[in-house]
Amino acid sequence: MAHSKSISDTNEQTLGASGITLTESKKKKEAFSGIKWLDNIFEDYEFNRYGIYAVLLLVVGCMAGIAVGVGAMSSSLQISLLVIPTMASLVMILAVAPMRPLIWVSLFAILVDIIMIVYNLLV
């Protein structure tokens with residue numbers, strides 16, 4: 001019976017006399033969003049988990065504070081629109097949630113903050 005070689009996603013390498021076999025898995029990286037510039041930023045988001053946590057914590061918290069300070073204090077509807085996505089992203093950071101949903105919720109919170117800041121500056 002002849003040996004058949006199958007094509008797989010692993011690469012095996014044997015180290016000299018010890019007989020230790022190293023298996024390296026070649027995973028095809030999946031795109032984060034399909035948007036090129038966003039994929040470049042979050043290319044290896046699982047590896048950079050704690051750095052992304054720190055940046056998101058700082059940006060989401062400061063943007064929400066600025067949005068409230070600019071004029072959302074006078075309207076309970078605006079505060080509600082700011083608090084819900086901001087607290088959702090901060091809770092996900094504290095809960096060590098999966099990175100993909102955390103990044104999307106945080107980007108949504110930042111977008112809402114920017115919209116509220118612009119709205120309160122123009123009105």
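Which residues make a nonpolar surface patch of about 530 Å²? In this predicted model, the patch is made by Ile-114, Val-118, Tyr-119, Leu-122 and Val-123. One of these residues, Tyr-119, is found in helix H4. Its relative accessibility is 42%, and Tyr-119 therefore counts as partly exposed, below the cut-off of over 50% for an exposed residue.

The protein contains four helices and two strands. Read from the N terminus, the order of the elements is β-β-α-α-α-α, with the two strands ahead of the four helices. The chain has 123 residues, of which 27% count as buried. About 9000 Å² of the protein is exposed, and 67% of this area is supplied by carbon and sulfur atoms. Among contacts with a separation of 6 or more, 57% are between residues 24 or more positions apart.

Helix H4 spans residues 99-122 and has 24 residues. From its first C-alpha to its last, H4 reaches 34 Å, close to the 34 Å expected at 1.5 Å a residue. The buried residues of H4 are Met-99, Leu-102, Ile-103, Ser-106, Ala-109, Ile-110, Val-112, Asp-113, Met-116, Ile-117 and Asn-120. Polar side chains are thus represented in this list, including Ser-106, Asp-113 and Asn-120. The buried residues of H4 pack against H2 and H3. Phe-108 also has its place in H4, but this residue is partly exposed, with a relative accessible area of 48%. The C-alpha atoms of Phe-108 and Pro-85 are 7.1 Å apart, while 23 residues separate the two in sequence. Pro-85 is one of the buried residues of H3.

Helix H3 covers residues 76-94, 19 residues in total. The distance from its first C-alpha to its last is 26 Å, close to the 27 Å expected at 1.5 Å a residue. At the N-terminal end, H3 is capped by Ser-75, with a side-chain oxygen 3.4 Å from the backbone nitrogen of Leu-77. Within the helix, Gln-78, Leu-82, Pro-85, Thr-86, Ser-89, Leu-90, Met-92 and Ile-93 are buried. These buried residues pack against helix H2 (49-70) and helix H4 (99-122).

Val-96 follows just after H3, in the loop between H3 and H4. Although Val-96 is not a glycine, its phi is positive, at about 50°. The relative accessible area of Val-96 is 48%, and the residue is therefore classed as partly exposed. Val-96 is also touched by Arg-49, as are Ala-97 and Met-99, when residues up to four places away in sequence are not counted. Met-99 is among the buried residues of H4.

Arg-49 itself is found in helix H2. With a relative accessible area of 14%, Arg-49 is buried, because the cut-off for burial is under 20%. The side chain of Arg-49 makes a polar contact with the side chain of Tyr-53, at 2.6 Å.

Two further residues of H2 were examined for their relation to H4. Val-68, found in H2, has a relative accessible area of 23% and is partly exposed. Leaving aside neighbours within four places in sequence, Val-68 is in contact with Met-73 and Leu-82. Leu-82 is one of the buried residues of H3. Val-68 and Met-116 are 48 residues apart in sequence, with a C-alpha to C-alpha distance of 8.4 Å. Met-116 is among the buried residues of H4.

Ile-66 likewise lies in H2. Its relative accessibility is 43%, and Ile-66 counts as partly exposed. Ile-66 and Ile-114 are 48 residues apart in sequence and 9.4 Å apart in space, C-alpha to C-alpha. Ile-114 is one of the residues that make the nonpolar surface patch, together with Val-118, Tyr-119, Leu-122 and Val-123.

Key:
Residues numbered from 1 in each chain as written. Predicted model: local features only at pLDDT ≥ 70, side-chain atom pairs only at ≥ 80, totals over all residues. Heavy atoms only, no water. Buried < 20%, exposed > 50% of the residue type's maximum accessible area, 1.4 Å probe, protein only. Contact = heavy atoms within 4.5 Å. Areas by Shrake-Rupley, 256 points an atom, 1.4 Å probe, with all protein chains shown as cover. Expected span 1.5 Å × (residues − 1). Polar contact = N/O pair within 3.5 Å; in protein donor to acceptor, adjacent residues only side chain to side chain. Patch = residues over 30% accessible without salt bridge, like charges linked within 9 Å, V, L, I, M, F, W, Y side chains within 5 Å. Salt bridge = Lys/Arg side-chain N within 4 Å of Asp/Glu carboxyl O.
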